Each structure stands twice: as C-alpha cells, then as structure tokens.
Amino acid sequence: MNYGIIDMGSNTIRLCIYHYDNGTLNRIIDRKEMAELAGYIKGGKLSQTGISVACTALLSFREIVSNFTLDGLYVFATASLRNISNTEMVVQIIKEQTGFDIEVLSGEEEARLDFIGIFHETDVQDGVMADIGGGSTEIVLYENAKIIKAACIPVGSLNLYSQYV
C-alpha cells in the first residue's frame, strides 16, 4: 500500500510517499520546496504572494502524486497556517486552486505527531524532545515511551528572523 503526506510548514512544504508492506514502512519519495511562508505574513495574515507560493508548490506535488496509485493522501499545515488570522480564507483559496483539503494541526497535535515520528528513529524511553521549526517550537516531555506533557510555542527560526533581522 502507498500513502502520501504533504506537510505545509512555515519554512518548507514537503511531500513524502511511503510504501507499507508486511509491517515495514519505506519512504519512496521525499521532495521539499523552500516556501518560507512565515516570511509572507504581514499584519498577522498570509499575503496573496504567500498563498501563491504555497499553491505553486502544492501544484508541483500534485503532478508527482498523479504518477502513483495511493491508498491515502494527507495534507496538513502546521504553524504556517495555524498562526495567521486568515486561516479559513487561505485554506479555502488553496483548496479552490489545488484541489487539496488541508487539515490545520493544533500545536499539541503537532507535538504528539513529532514524538511518534521521532520514536520510530530511537528507542530512548525517557527524555525531552524539541522540534524547532520555522514558525513554532514543539516540546514533549516523555517517560517510559509515553507523553507526559506536550506544548507548542509560536516561536520558530523563520518568524524570529523575519521579525528581528
């Protein structure tokens, strides 16, 4: 079975396609566009230029996924669309222009999914995980491979750069 995931972050938009067979997950496609959407936020809103940049990246990914038979395709956004005041309008415009339905993840959900992804790469049972993204930072405290506390702060490398440099 093949599954596609598109992650709309504040810095990059990424497409991954995975093949799942007999309990084994293999990444067969990993493409990334440097969209830097956090740089297109003006007055708390994603600008029309930023929306166009997102749509261009998503349309290029649509061409790639059209070459695969997928059992599922999931498109989600993190701080790129979560931290703006015109989220609903942007999601609607992107759907009209690309055909993609976008789920905007809460910060806590993003932190939880970060933890699940990291746990596929390590067997450390206790610790603190931090994901410093372009528009937010997620922090997870975990013990015995279980989340104790997950938090998200709306501070990331790209939005700090845009505001202060």
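## Briefing: salt bridges, overall build and a loop with positive phi

E110 and R82 pair up in a salt bridge, with their closest N and O atoms 2.8 Å apart. That contact ties together distant parts of the chain: E110 belongs to helix α4 (residues 107-119) and R82 to helix α2 (residues 79-82), 28 residues apart. Keep in mind that this is a predicted model. The protein has five helices and 10 strands, and a search of the whole structure turns up six salt bridges.

**Around R82**

- On the acidic side of that opening pair, E110 is buried, because its relative accessible area is 9%, and buried means under 20%.
- R82 also forms a salt bridge with E138, and here the closest N and O atoms are 3.7 Å apart.
- This second pair again links distant parts of the chain, as R82 sits in helix α2 and E138 in strand β9 (residues 137-143), 56 residues apart.
- What is the relative accessibility of E138, and is the residue buried or exposed? E138 comes out at 1%, so it counts as buried.
- Put together, R82 in helix α2 has one partner in helix α4 and another in strand β9.

**Within helix α4, and one network**

- Helix α4 has a salt bridge of its own, where the side chains of R112 and E109 meet at 2.9 Å, N to O.
- How many residues separate R112 and E109? They are three residues apart, which is about one turn of the helix, and both lie in α4.
- R112 counts as partly exposed, with a relative accessibility of 35%.
- E109 is partly exposed too, at 27% relative accessibility.
- Elsewhere, R14, R27 and D30 are joined into one network by salt bridges that share partners.
- As background to these pairs, side chains of opposite charge can pair when their charged atoms come close.

**Charge across the protein**

- Which sign of side chain is counted 21 times, and which 12 times? The protein carries 21 negative side chains and 12 positive ones.
- The centres of these two sets lie 4 Å apart.

**Overall build**

- Why does the radius of gyration agree with a compact globule? With 165 residues, such a globule would have a radius of gyration near 15 Å, and the protein has 16 Å, so the two agree.
- Along its principal axes, the C-alpha trace spans about 45 × 40 × 25 Å.
- As for burial, 38% of the 165 residues count as buried.
- Looking at contacts with a separation of 6 or more, 54% of them come from residues 24 or more positions apart.
- The protein exposes about 9300 Å², and carbon and sulfur atoms supply 52% of that area.

**The loop after strand β9**

- Where is N144 found? N144 is in the loop between β9 and β10 (146-153).
- N144 isn't a glycine, yet it has a positive phi of about 50°.
- N144 is exposed, because its relative accessible area is 57%, and exposed means over 50%.
- A145 has its place in the loop between β9 and β10 as well.
- A145 is another non-glycine with a positive phi, in this case about 65°.
- With a relative accessible area of 24%, A145 is partly exposed.

Methods
Residues numbered from 1 in each chain as written. Predicted model: local features only at pLDDT ≥ 70, side-chain atom pairs only at ≥ 80, totals over all residues. Heavy atoms only, no water. Helix = DSSP H or I, 4+ residues; strand = E, 2+ residues; numbered from the N terminus. Rg over C-alpha atoms; globule rule 2.2 N^0.38 Å. Buried < 20%, exposed > 50% of the residue type's maximum accessible area, 1.4 Å probe, protein only. Contact = heavy atoms within 4.5 Å. Areas by Shrake-Rupley, 256 points an atom, 1.4 Å probe, with all protein chains shown as cover. Lys, Arg positive; Asp, Glu negative; His and termini not counted. Charge placed at Lys NZ, Arg CZ, Asp CG, Glu CD. Salt bridge = Lys/Arg side-chain N within 4 Å of Asp/Glu carboxyl O.
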